[in-house]
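The following exercises concern one protein chain. Please examine the sequence and the structure, attempt each task, and then read the solution.

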Amino acid sequence: MALHKGPERHEERTISVNPFFGEANPVGGMTEAPPTHHLPDAPLPPSTAYQLVHDELMLDGNSRLNLATFVTTWMEPQAGVLMAECRDKNMIDKDEYPRTAELERRCVAMLADLWNAPDPSATVGCSTTGSSEACMLAGMALKRRWARRNADRYPGARPNLVMGVNVQVCWEKFCNFWEVEARQVPMEGDRFHLDPQAAAELCDENTIGVVGVLGSTFDGSYEPIADLCVALDALQERTGLDIPVHVDGASGAMVAPFLDPDLMWDFRLPRVASINTSGHKYGLVYPGVGWALWRDKEALPEELVFRVNYLGGDMPTFALNFSRPGAQVVAQYYTFLRLGRDGYRAVQQSTRDVATGLAERIAALGDFRLLTRGDELPVFAFTTAPDVTSYDVFDVSRRLREGGWLVPAYTFPANRQDLSVLRVVCRNGFSHDLADLFLADLARLLPELRRQPHPLTRDKDAATSFHH
């Protein structure tokens, strides 16, 4: 979560209350306007408190028009009802809520089967608050396995983790928090993600694993997981180093099994030790739920698993937190049950069709050049054409925001910092009709943008943030 500081003294203010918010008396509750940065002395009527919060939240963007986020912004009403019914259930109290725990177990089993585990009954997995926690858990397992194999040298030797520079920021957090050296493969030319051979060359006896990303947040492309495993196989033949692979499938692990079933990226590859995904991305569930699965018990060291019994029963847990709602896990099971393989395939194919169709029409405008086309993740990145000099991607992002569209513009990392792009994330709920409206608004802006004397965005770092 973002870190916040307390307000400066001059920021302290009170909230103005509409007299009609009073329960019976129009001026009821108006004797003292509630403060915003310290607790009020007296309670408010529930309708008043609701309206104050509701009105302020109107200034948030419309989540359905947010083409920056990968996170699910629409579910069926029935899923919302189930989540409301389960919001008071604590996911950690598995003995108190055994059926919720059973639904979690079933979800893990379904994912093990979906990801072609050689023995789904031996696969170990858990739900998390999202992919970031799942990645932390997977990284901890990699580090502990490495430490056990190198007990004679650790903690003297410093472990490292190899990944592409395009990884989600949670991997940089993991390396920072758990004192692991991050070895990142830079981008080169038109390659915007990890190169398998370059990754293998960064490995040594202190490498705890290599992270492959199935669906880069920078451009929506799949990293070549199978080629990465081949490169690491060759490394083992030359050096004896046996380096495991973790697949960060935050988005792609819920797309590829349905749309690219022949793509080799999952537990069919013996070197893949663990996989994570975000249920709240292309798993089609509201935030926040993620999943982490390990090939077998050997991939998840037993000493990382905590067993608690004061809640009733002997409950094995592997998590960074403790209490959290069971609603999202229930919603994930509902969605698995509701859609099945055919339903997921239809939803994801529709989303990919929207992405590829919109990408083609944006390219046809003539002002833009596509980096990706939405034919892997339903996500594509594009930049301005070489002959466009009157505006840049930051101007486009700023102007689209005027119509409510949130489209991030950002600069690529090391070795391609010369490249700034816009990225569109197509999700379930972003229909062909909405894509038509988006394209119309973009086309409507172009004449004005072309008349600019030069790009107008001065502080590109502050123009728009990069949204994973």
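**Exercise 1.** What percentage of the 468 residues of the protein chain count as buried?

*Solution.* The model is a predicted one. A residue counts as buried when its relative accessible area is under 20%. Of the 468 residues, 52% count as buried. The surface may then be considered: the chain exposes about 22,300 Å², and carbon and sulfur atoms supply 53% of this area. For the architecture, the chain has 12 helices and 13 strands. Finally, among contacts between residues at least 6 apart in sequence, 70% join residues at least 24 apart.

**Exercise 2.** Determine how strand 2 and strand 3 are joined, and describe the path of the chain between them.

*Solution.* Step one is to locate the strands: strand 2 covers residues 160-164 and strand 3 covers residues 181-185. Step two is to examine their pairing: 5 bridges join them, and the two strands run parallel. Step three is to follow the chain, which leaves strand 2, passes through helix 5 (residues 169-177) and reaches strand 3. This β-α-β crossover is right-handed. As a detail of the pairing, Val 162 has Arg 183 in strand 3 as its bridge partner.

**Exercise 3.** Arg 183 also forms a salt bridge; identify its partner and state whether the two residues are buried or exposed.

*Solution.* The partner is Asp 204, and the closest N and O atoms are 2.8 Å apart. Arg 183 lies in strand 3, whereas Asp 204 lies in the loop between helix 6 (196-201) and strand 4 (207-213). The pair therefore links distant parts of the chain, 21 residues apart. Both Arg 183 and Asp 204 are buried.

**Exercise 4.** Describe the open sheet that has the strand order 10-11-13-12, and name the helix that packs on it.

*Solution.* The sheet consists of 4 strands with antiparallel pairing. Its edge strands are strand 10 (368-370) and strand 12 (409-411), each of which pairs on one side only. Neighbouring strands are turned by 40° against each other on average, direction ignored. Between strand 10 and strand 11 (residues 379-384) there are 3 bridges, and Leu 370 has Phe 382 in strand 11 as its bridge partner. Helix 9 (residues 327-364) packs on this sheet and touches strand 10, strand 11 and strand 13 (420-425). The direction of helix 9 makes about 10° with that of strand 11.

**Exercise 5.** Which parts of the chain does the salt bridge between Glu 303 and Arg 148 tie together?

*Solution.* Side chains of opposite charge can pair when their charged atoms come close. For Glu 303 and Arg 148, the N to O distance is 3.6 Å. Glu 303 is in the loop between strand 7 (290-294) and strand 8 (306-308), and Arg 148 is in helix 4 (residues 131-149), so the salt bridge ties together parts that are 155 residues apart in sequence. Glu 303 has a relative accessibility of 38% and thus counts as partly exposed. Arg 148, at 43%, also counts as partly exposed.

**Exercise 6.** How many salt bridges does a search of the whole structure find?

*Solution.* The search finds 19 salt bridges. One of them joins Glu 402 to Arg 399, with the closest N and O atoms 3.1 Å apart. Glu 402 counts as exposed because its relative accessibility is 58%, while Arg 399 is buried at 15%. In addition, salt bridges that share partners join Glu 102, Arg 105 and Arg 106 into one network.

How values were computed. Residues are numbered from 1 along each chain as its sequence is written. This is a predicted model: local features need pLDDT of at least 70, side-chain atom pairs count only at pLDDT 80 or more; totals for chains, interfaces and linings use all residues. Side-chain values use heavy atoms; hydrogens and water are left out. Two strands pair if DSSP finds at least two bridges between them. A crossover is right-handed if, with the strands pointing away from the viewer, the path from the first strand over the helix to the second runs clockwise. Axes are lines fitted to C-alpha atoms, for helices over the stretch in contact, and angles run from 0 to 180 degrees between N-to-C directions. Contact means heavy atoms within 4.5 Å. A salt bridge is a side-chain nitrogen of Lys or Arg within 4 Å of a carboxyl oxygen of Asp or Glu. Buried means under 20% relative accessible area, exposed over 50%, partly exposed in between (1.4 Å probe, protein chains only). Accessible areas come from the Shrake-Rupley method with a 1.4 Å probe; for residues, only the protein chains shown count as cover.
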